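Student: I should like to learn how to read the features of a structure that is new to me. May we go through them in turn?

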Amino acid sequence: MFFDSRYTLPTLAALAFVTSICLLFYDSLELINIALIHFIPIIVIALEGNYARTTLIASISVLLFNYLYVPPVFTFNVYDIIHVWTFAIFLFFGYVITWQAKKIKRNEMKEILLNTISHDLKTPLSSILGSITLLLEDQKLSPETQKTLLNDIKNSSDKMNRLINNLLDNARLKDKKLELKMEWCDLEDLLGVALKDFDDAHIKRSLHIFIDPTLPLYWGDYNLLGRLFANLLDNAFKYSNQNKQIYIKLKQEDDRIRILFFNESNPLNERTLETIFDKFYRAEDNQEISGSGIGLFICQSIVQAHHGEIRAYNKDNGICFEITLPILKYPTKLHNEAE
């Protein structure tokens with residue numbers, strides 16, 4: 001993203017601050033010191049590893065430096081070739097720092113991914129192996145105990161399946177040449193399929209679903225939309241205990257489909273709401289809840305691939321995830337195409 005207020009605005013503020021300092025102490029600072037001071041905001045933004053934002057801040061910094069300090073001042077004319085080299089150095093080292101930052105971030109992502117796989121796959125796998133061992137070694141288990149162990153195996157298998165599917169979807173969505181496999185989708189049916197991966201008792205106790213009876217078929221990628229529902233359900237169930245309720249609403253509004261997932265929970269702070277869709281992000285006060293932190297990132301990628309929008313916000317006594325998907329094609333045209 002070219003302009004991200006979380007990074008760009010603070011850097012612009014820092015640039016304004018250092019410019020004010022340089023103007024205030026202009027008489028006691030040499031030109032080389034002013035240049036070095038103006039390089040600080042470039043370093044700050046370059047550490048985020050985004051070439052576009054580095055170029056933006058470096059360009060503004062160079063223009064300010066040229067206009068305010070390089071003779072003749074208050075013009076963009078440059079008479080000394082040494083200052084041209086100064087401008088080039090600003091951009092060059094900004095790009096070098098950005099490249100190094102991207103390299104470090106890639107390594108960090110790999111480490112997080114490995115930790116995710118080792119932890120989030122190990123936990124359900126251990127549960128499966130433990131349950132199978134009990135079933136095989138103890139032939140005198142009661143039918144109720146056997147059923148409980150089999151349910152544990154199923155639930156743990158579903159967790160592994162969701163994580164693996166998320167990792168595969170993440171790899172697919174990273175492809176810039178991704179082509180969606182568009183077909184007519186029954187969103188109510190997709191939601192029902194996604195619910196089959198979760199515990200029936202939990203669903204009956206806490207889940208409330210409201211679906212517009214006139215909801216049309218939706219032209220989209222069936223598998224990705226199913227993953228969208230599965231991840232939103234997984235997130236809602238994980239952050240809602242036995243006494244909390246979850247509400248899901250699907251309805252058509254003009255030329256778009258609106259999907260709401262609301263779960264009763266403690267409100268989130270603004271910082272968390274801003275970063276909740278970042279890859280591998282986990283809320284600091286919910287670290288005890290298992291998860292890879294990739295599910296909501298996948299949701300955002302799927303929605304964006306369908307040219308829609310997704311946002312999270314505090315509402316009443318819980319958190320609401322709101323998705324709007326534009327209707328790109330109406331099912332009534334399906335008959336005309338068939339003819």
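Tutor: The following exchange takes up the sheet, the helices, the aromatic rings and the backbone in turn. Please keep in mind that this is a predicted model.

Student: Let us begin with the sheet. In which order do the five strands of the open sheet stand?

Tutor: In general, strands of a sheet pair through backbone hydrogen bonds, in either a parallel or an antiparallel sense. Here the order is β2-β4-β5-β7-β6, and the pairing is mixed. The edges are held by β2 (207-211) and β6, each of which has a single partner strand, so one side of each lacks a neighbour in the sheet. On average, neighbouring strands of this sheet are turned by 15° against each other, direction ignored.

Student: How many bridges join β4 to β5?

Tutor: Strand β4 (residues 246-253) and β5 run antiparallel and are joined by eight bridges. One position to locate is Glu253, which stands opposite Arg256 in β5. The hairpin of β4 and β5 has two residues between the strands, and there Asp254 takes a positive phi near 55°.

Student: And how many bridges pair β5 with β7?

Tutor: Strand β7 (residues 318-326) pairs with β5 over nine bridges, in the antiparallel sense. Among the bridge partners, Arg258 is matched with Thr324 in β7, and Ile257 with Leu325 in β7.

Student: How many residues of β5 are buried?

Tutor: Strand β5 covers residues 256-264, and eight of its nine residues are buried, which leaves the strand mostly covered.

Student: Let us turn to the helices. At what angle do α1 and α3 pack?

Tutor: Two packed helices are described by the angle between their axes and the distance between those axes. Helix α1 (residues 8-24) packs against helix α3 (residues 51-69) at an angle of about 15°, and their axes lie 11 Å apart. Angles under 35 degrees count as roughly parallel, and α1 and α3 are therefore roughly parallel to each other. The crossing of α1 past α3 is right-handed.

Student: How do the axes of α7 and α9 cross?

Tutor: These axes come within 9 Å, and α7 and α9 cross at roughly 55°. That angle makes α7 oblique to α9. The crossing of α7 and α9 is right-handed.

Student: How many residues of α11 are buried?

Tutor: Helix α11 (residues 295-305) has eight of its eleven residues buried, so the helix is largely enclosed by the rest of the structure. The buried residues of α11 include Phe297, Ile298 and Cys299. Just after α11, His307 takes a positive phi of about 65°.

Student: I should now like to read the aromatic rings. How many aromatic pairs are found in the whole structure?

Tutor: A pair of aromatic rings is described by the distance of the centres and the angle of the planes. A search of the whole structure gives ten such pairs. One of them joins Phe198 and Phe237, with 5.1 Å from centre to centre and 50° between the planes, and this pair is tilted. It links distant parts of the chain: Phe198 lies in the loop between α7 (187-195) and α8 (200-206), while Phe237 lies in helix α9 (residues 222-238), 39 residues apart. Phe198 and Phe237 are both buried.

Student: Why is the pair of Tyr247 and Phe262 called tilted?

Tutor: The ring centres of Tyr247 and Phe262 are 6.1 Å apart and the planes are at 40°, so this pair is tilted. Tyr247 belongs to strand β4 and Phe262 to strand β5, 15 residues apart. Tyr247 is partly exposed, with a relative accessible area of 29%, whereas Phe262 is buried, at 13%.

Student: Which residue lies over the face of Trp219?

Tutor: That residue is Lys329, at 3.9 Å from the ring centre of Trp219. Elsewhere, Tyr26, Phe65 and Tyr69 form one aromatic cluster.

Student: Finally, the backbone. Where is Phe74 found, and is it buried or exposed?

Tutor: Phe74 is in the loop between α3 and α4 (81-120). Although Phe74 is not a glycine, its phi is positive, about 60°. Its relative accessibility is 53%, and Phe74 counts as exposed. Asp316, in the loop between β6 (309-315) and β7, is likewise not a glycine and has a positive phi of about 50°. Asp316 is exposed, with a relative accessible area of 75%.

Technical notes. Residues are numbered from 1 along each chain as its sequence is written. This is a predicted model: local features need pLDDT of at least 70, side-chain atom pairs count only at pLDDT 80 or more; totals for chains, interfaces and linings use all residues. Side-chain values use heavy atoms; hydrogens and water are left out. Buried means under 20% relative accessible area, exposed over 50%, partly exposed in between (1.4 Å probe, protein chains only). Helices (H or I, at least four residues) and strands (E, at least two) are DSSP runs, numbered from the N terminus. Two strands pair if DSSP finds at least two bridges between them. Rings of Phe, Tyr and Trp (its six-membered ring) pair if their centres lie within 6.5 Å; planes under 30 degrees apart count as stacked, over 60 as edge-to-face and the rest as tilted. A charge sits over a ring if NZ of Lys or CZ of Arg is within 6 Å of the ring centre and within 35 degrees of the ring normal. Axes are lines fitted to C-alpha atoms, for helices over the stretch in contact, and angles run from 0 to 180 degrees between N-to-C directions. Angles under 35 degrees count as roughly parallel, over 145 as roughly antiparallel, 65 to 115 as roughly perpendicular and the rest as oblique. A crossing is left-handed if the near helix is turned anticlockwise from the far one by less than a right angle, and right-handed if clockwise.
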